[in-house]
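I set out to look up how the parts of this assembly meet. My entries follow in the order in which I made them.

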Amino acid sequence: MRTSIKPWLTLTAGLAGMALVVSGCGTSSDPAASGSSDGGSSSASDEKITLTITTFNEFGYEDLIKEYEADHPNITIEHTKAATSNEARDKMLTGLAAGSGLTDIEAIEVDWLAELMQYPDKFVDLNSDEVKGRWLDWKAAQATTPDGKLIGYGTDIGPEGVCYRSDLFGAAGLPTDRAEVAKLLEGDWQNYFNVGKDFVAKSDSAWFDSGNAIFQGVVNQMDAAYENPSDGSAKDLATNTQIKDAYEMVLKASVDDGLSAGLSQWSDDWTAAFQNNGFATMLCPGWMLGVIEGNAAGVTGWDIADVFPGGGGNWGGSFLTVPTQSAHPDEAKALAAWLTAPEQQIKAFISKGTFPSQVDALSSEELLGQTNAFFNDAPTGQILADRAAAVTVAPFKGANYFAIHQTVVDAITRVEVDKTDDAASSWDKAVTAFTELGLS
Amino acid sequence: MATTAATPTTSTAGPPPPDSRRTRLRNLRGKIDVKLSPYLYISPFFILFAIIGLFPLVYTAYVSMHDWHLIGGQGDFVGLANYVDVVQQPRFATALRNTFSIFLLSSIPQVITAIVIAAVLDANLRAKTFWRMGVLLPYVVAPVAAALIFSRLFADQSGMINALLGYIGIDPIRWHSDAFASHIAIASMVNFRWTGYNALIFLAAMQAIPRDLYEAAVIDGASRVRQFFSVTVPLLRPTIIFIVITSTIGGLQIFDEPRMYDQYGLGGADRQWMTVTMFLYELGWGAQKSFGRAAAVAWLLFLIIVAVGLINFTITRRIASSGAAHPKGGAR
Amino acid sequence: MSSSVASIRQTAGRGAARAAAHKRGLGPSRRPGWVTYALLVVFLIASAYPLYYSLLLASSDSATIAQNPVPSLIPGPNLIDNLQRVLGSDIGFWHAVLNSLIVAVITSVSVVFFATLAGYAFAKLRFRGRRALLVFIIATMAVPTQLGVVPLFIVMAKLGWTGTLTAVIVPGMVTAFGVFWMTQYLEAALPYELIEAARVDGCSMFRTFWHVALPAARPAAAMLTLFTFVASWTNFFWPFVVLGSSNPTLPVALQLLQASYFKDYALIMAGVVAATIPLVVLFVVAGKQLVSGIMQGAVKG
């Protein structure tokens with residue numbers, strides 16, 4: 001029997017080591033049971049060290065890493081990037097849970113710092129004299145455990161100003177110059193909403209994009225939004241009047257006064273609204289400038305004012321950590337320290353716009369002289385440095401901050417975006433969801 | 001068609017033996033061959049499973065009986081407390097409702113459409129290759145890409161579907177806030193990718209049906225539709241069972257599509273499209289990081305899938321064999 | 001030997017007779033009417049449009065995309081530009097393509113072979129524990145994959161495979177899906193008479209498998225190859241977790257296109273197009289083979 005056997009079939013057969021049996025039917029032969037070869041090749045160990053680092057989104061480290069490698073010929077750096085912080089977080093949690101597989105340096109966002117702070121022994125203590133006083137106090141405090149262990153080196157921060165559309169402002173009879181706008185918006189949240197009411201009366205656009213963005217801004221100005229700083233225990237949401245007041249204030253402005261475009265941030269509708277004059281202002285941490293510029297490509301009129309309702313505010317920011325899993329903790333620590341030094345963070349700011357959290361960087365001429373053409377040549381370096389200086393509150397965010405915060409965020413979304421609930425019924429659902437967390 | 005394929009294959013191995021040593025040896029070898037071969041053939045799966053599948057299974061079961069934090073690791077043994085805990089959470093019920101709703105909205109139309117398309121493709125078409133490849137086209141689109149595409153199409157204000165509905169005077173549908181609408185949107189993502197795929201699976205099985213059975217049916221004066229129900233469907237039984245079971249498993253585990261349906265991946269503010277696997281994920285990887293509870297949900301889901309799979313299997317078998325009862329030539 | 005060949009030829013002859021009958025226009029083989037084609041056209045448009053949509057976005061620019069919910073049906077001028085941006089970006093596109101190719105080829109060849117072997121055993125051979133083992137294999141599919149990630153990662157770390165393609169290839173070498181698929185197909189498509197004939201002729205078990213079962217399985221094997229290849233090519237989460245972006249497969253590399261401050265849909269969709277083109281090429285090349293495979297029906301010697 002001469003069956004023509006397709007090449008790929010031959011290949012498969014070879015794979016199992018069974019090909020030898022295929023010849024004819026006359027004589028019987030043993031069922032071929034051959035052990036497959038195991039490819040146990042191991043790479044030769046090298047004198048040189050390879051350090052691995054994981055970042056996400058845009059850290060602006062590409063050139064810096066090349067520079068470090070050039071200065072340290074024995075060190076090779078493998079840089080893994082994740083597109084979003086969510087993906088980086090999934091990957092990191094898997095490695096932490098499995099007890100291995102993390103890179104020597106892992107970048108983390110302040111949002112998930114709190115949950116990692118409960119397990120300080122998973123991270124190398126990064127304290128050293130060299131870095132003492134390098135960061136803004138509140139930034140360093142975020143990554144310091146109660147007993148003084150520093151688990152992350154601060155990279156960037158998100159000091160918030162107000163971005164606005166000067167063309168829409170002008171059309172509605174509001175001032176367009178950024179200094180005048182800053183003066184106009186100076187004051188508490190109610191003042192910001194009042195100006196908004198004037199604006200929407202004379203314009204088809206909404207005042208701001210999303211109620212939850214405003215709520216985020218308000219919460220980031222609270223000392224202790226959801227938990228008691230003394231012991232980290234959760235405050236009962238049902239009796240948390242500070243949060244409930246903020247919730248009601250935001251929904252009144254967003255829905256009752258019609259100031260919000262009713263969009264959920266990062267959704268496709270939100271992205272599209274940048275092109276359709278959807279809203280006139282946005283709360284604007286430093287990293288948001290790149291977001292606006294990308295989403296509003298081709299739109300003219302964006303500007304940024306050196307002001308923030310209710311005092312200063314910070315939104316977001318990241319850290320570099322060294323997990324104790326690392327095989328080269330000392331070298332990793334040195335690299336992380338170098339990357340987060342003021343000189344390097346200034347370079348990262350200039351290449352990717354990540355605003356530095358280092359005290360010395362904030363007074364550097366290079367940073368202060370930075371302008372942004374898309375935002376009508378605004379001196380963004382100077383403005384954001386002022387905004388960073390205006391941050392006075394270091395909000396306490398414990399292990400359960402995000403679980404609880406999410407229940408209120410969902411409540412606002414239901415009323416403002418989905419319109420499936422009114423403020424009262426949605427709040428009740430939030431309280432139920434809080435109870436389900438089983439924290440109290 | 002016999003339910004269990006008891007075969008004569010193994011009993012008659014080789015010609016009647018002339019009494020020589022050589023043949024006896026040969027017979028012995030033949031016997032070992034016959035006895036051993038089946039196990040040898042299925043062993044690769046089990047070897048691989050032992051290396052990479054068994055441990056996760058046992059590990060998960062172990063985790064589900066403990067107070068286990070994703071990062072903090074093992075805590076106290078709690079028995080079935082995690083299971084009890086999870087079942088009592090209203091969100092578990094929500095997740096189950098959503099999962100079954102999306103599952104029904106996707107699998108039923110999908111299987112029916114697939115079988116119809118397969119029947120059409122089984123006809124003597126012009127440009128067969130073109131149609132068959134065309135039907136499978138959506139399958140090459142990665143789920144991540146499909147989710148990107150569909151979440152744009154289904155955007156509430158800026159999406160193409162609502163824009164098109166607007167042209168013909170229909171009010172925009174609230175694809176995200178309305179639970180049922182979100183299920184339809186997600187189901188259509190699933191259907192997009194898998195209908196053609198299932199159609200080709202059906203087609204492959206249909207092509208294997210001996211044509212003389214159709215000839216016999218034609219001679220008996222059976223209409224096309226009757227041929228389909230009395231010849232095609234009964235003979236497709238193993239394939240139908242395959243598709244029903246795999247789509248039950250896939251449908252009840254649905255994760256990528258609903259997770260990427262919006263930018264947060266939580267299933268909506270009211271968790272209106274949160275499925276069981278998303279619930280599992282939120283428990284384990286979300287704010288609480290209760291790996292123990294997540295493992296408990298995984299095992300519960302496993303049991304649910306097995307139960308639903310068995311029910312579907314029984315129904316399918318009954319339908320397919322009752323179909324096979326009357327028509328002539330239906331069984332071999 | 002001669003008897004088995006005769007019987008196989010006979011059966012093959014019957015297949016040929018079937019094919020002939022097919023051509024003559026008996027049974028479902030009459031040329032279908034326009035309704036059939038209309039149905040197919042509608043289905044095809046629905047199938048192809050989302051893919052075409054991604055092509056439309058990939059040939060546009062982000063501002064145009066954001067301004068027009070319904071894109072023009074004619075592609076924009078920027079496709080080549082956007083593709084060049086994908087290829088020119090620092091995501092390591094070609095390295096990723098090579099990795100994906102290695103993984104997809106090895107897993108699909110191995111899955112097809114092992115699944116056919118096991119499927120044949122389950123469908124046509126009798127041995128103790130057959131049904132129970134098959135049910136067990138099917139049941140393993142019902143284990144939610146999300147939860148397996150952590151323990152599987154532990155195993156891979158213990159074996160020292162993290163970061164290497166081995167960690168992606170080995171878990172995909174044989175799948176429960178493949179085994180189940182082949183079992184179901186062979187149960188219907190492979191007549192016992194053929195196996196019988198080969199055995200009577202003194203073929204060893206394996207040779208019987210090789211000469212009888214494999215040819216009969218060819219249509220299903222062709223499809224399983226395609227399914228496995230595509231599934232491997234599009235798989236994201238596990239490769240992402242275990243490989244990272246320094247040694248990525250294509251989907252892992254392409255997700256980096258989203259690593260900017262905003263979603264540049266033109267670029268992202270160009271990435272989708274760039275990842276899909278190789279598969280479409282595979283389709284066109286393998287398409288004929290695949291379809292003729294399906295056409296072969298049950299048995300061919």
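**Entry 1: chain A with chain B.** I began with the area that chain A and chain B bury between them, which is about 3000 Å², with 47% of it on carbon and sulfur atoms. The model is a predicted one. I then looked up which residues of chain A contribute, and found that A:Asp268, A:Asp269 and A:Glu436 supply 18% of the area that chain A buries against chain B, more than any other three residues. The contact involves 40 residues of chain A and 35 residues of chain B.

I next asked how many salt bridges there are between chain A and chain B. The count is 5. I noted a salt bridge between the side chains of B:Arg259 and A:Asp90, at 3.2 Å from N to O. For polar contacts between chain A and chain B, I recorded 20 residue pairs, both residues being at pLDDT 80 or more.

On the side of chain A that touches chain B, I listed the elements that give two or more residues: helix H3 (85-98), helix H4 (110-117), helix H11 (268-273), helix H18 (401-418) and helix H19 (423-437) of chain A. H18(A) gives the most, with 8 residues. By residue class, I found that this side of chain A has 16 nonpolar, 10 polar and 14 charged residues.

**Entry 2: chain B with chain C.** I turned to the area buried between chain B and chain C and read about 10300 Å², of which carbon and sulfur atoms give 75%. On the chain B side, B:Tyr41, B:Phe45 and B:Arg152 supply 8% of the area buried against chain C, more than any other three residues. I noted 109 residues from chain B and 112 residues from chain C in the contact.

My count of salt bridges between chain B and chain C is 0, while 10 residue pairs across this interface are in polar contact, both at pLDDT 80 or more. Helix H1 (residues 21-64) of chain B provides the largest share of the side that touches chain C, 19 residues. I divided that side of chain B into 76 nonpolar, 21 polar and 12 charged residues.

**Entry 3: within chain B.** I recorded domain 1 (21-64) and domain 2 (83-325) in chain B, with C-alpha centres 34 Å apart. Between these domains of chain B, about 500 Å² is buried, 76% of it from carbon and sulfur atoms. In domain 1 of chain B, B:Thr60, B:Val63 and B:Ser64 lose the most area to domain 2, together 72% of what that side buries. I found 0 salt bridges between the two domains of chain B and 1 residue pair in polar contact, both at pLDDT 80 or more.

Definitions and conventions
Residues are numbered from 1 along each chain as its sequence is written. Chains are lettered from A and ligands numbered from 1 in the order in which they are written. This is a predicted model: local features need pLDDT of at least 70, side-chain atom pairs count only at pLDDT 80 or more; totals for chains, interfaces and linings use all residues. Side-chain values use heavy atoms; hydrogens and water are left out. Contact means heavy atoms within 4.5 Å. Buried area is the accessible area (1.4 Å probe) that two parts lose on being put together, summed over both. A salt bridge is a side-chain nitrogen of Lys or Arg within 4 Å of a carboxyl oxygen of Asp or Glu. A polar contact is a pair of N or O atoms within 3.5 Å; within protein, one must be able to donate a hydrogen and the other to accept it, and residues adjacent in sequence count only if both atoms are side-chain atoms. Helices (H or I, at least four residues) and strands (E, at least two) are DSSP runs, numbered from the N terminus. Ala, Val, Leu, Ile, Met, Phe, Trp, Tyr, Cys and Pro count as nonpolar, Asp, Glu, Lys and Arg as charged, and the others, Gly among them, as polar. Domain bounds come from an automatic or database domain assignment.
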